[in-house]
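Hi,

Here is the structure I said I would pass on. Have a look at it first, and my notes follow below.

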Amino acid sequence: MKRDMDLVRLLLLRTEAGQDGGEYDLAAKKYDLPTRAHHIAIMQEAGLIIALVSNDEKGIPSKGAILRLTWQGHDFIDAARDDTIWKKVREKVMRPAASFTFGILVQALKYEIKSRLGLPGDS
């Protein structure tokens, strides 16, 4: 299964919103349970969240519940929250057929935020 960074962002926003996920709850339900479970598992592996993940008999994530964001998860969602910045970085970094890592995505988000603030973007 491919990693879907839009779903990662959505799940982080939904978790941050707490009990009243509102629009994020509806958007997350557009993804099937196995896809959400897979992404919860890999988000936990990346250190973005603390979660409970259940695997099926083959060891594949079948259910997942996010308990909370980690410090790194908060940092990522703070960088990715703004829709304009997110869309700009998506177009640059996550183009079809382009390879990117999570680290490159985070650096691009930070660069865009620094540019908006008029700060040097090289650090």
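Leaving out residues up to four places away in sequence, which residues does T70 touch? They are G47, L48, I49 and I50. Bear in mind that this is a predicted model.

As for where T70 sits, look in the loop between β2 (61-69) and α4 (71-80). T70 has a relative accessible area of 13%, under the 20% cut-off, so it counts as buried. One of its neighbours also makes a polar link: a polar atom of the T70 side chain is 2.4 Å from the backbone oxygen of G47.

Next, the helix that follows that loop. In α4, the buried residues are G73, F76, I77, A79 and A80. Viewed down the axis of α4, these fall within an arc of 160 degrees, so they line one face of the helix. Their cover includes α1 (5-17), β2, α5 (83-93) and α6 (102-117).

F76 comes up again in the largest nonpolar core, which has 28 residues. Along with L12 and L109, F76 has the most contacts inside that core. At least two core residues come from each of α1, α3 (33-45), β1 (49-55), α4, α5 and α6, and α1 gives the most, with 7.

L12 is worth clicking on too. Again not counting residues up to four places away in sequence, L12 touches M43, L48, I49, L69, G73, F76 and I77. Of these, G73, F76 and I77 are among the buried residues of α4, while L48 and I49 are also touched by T70.

Cheers

Notes: Residues numbered from 1 in each chain as written. Predicted model: local features only at pLDDT ≥ 70, side-chain atom pairs only at ≥ 80, totals over all residues. Heavy atoms only, no water. Helix = DSSP H or I, 4+ residues; strand = E, 2+ residues; numbered from the N terminus. Buried < 20%, exposed > 50% of the residue type's maximum accessible area, 1.4 Å probe, protein only. Polar contact = N/O pair within 3.5 Å; in protein donor to acceptor, adjacent residues only side chain to side chain. Contact = heavy atoms within 4.5 Å. Arc of directions from axis to C-beta. Core = buried A, V, L, I, M, F, W, Y, C linked by side-chain atoms within 4.5 Å.
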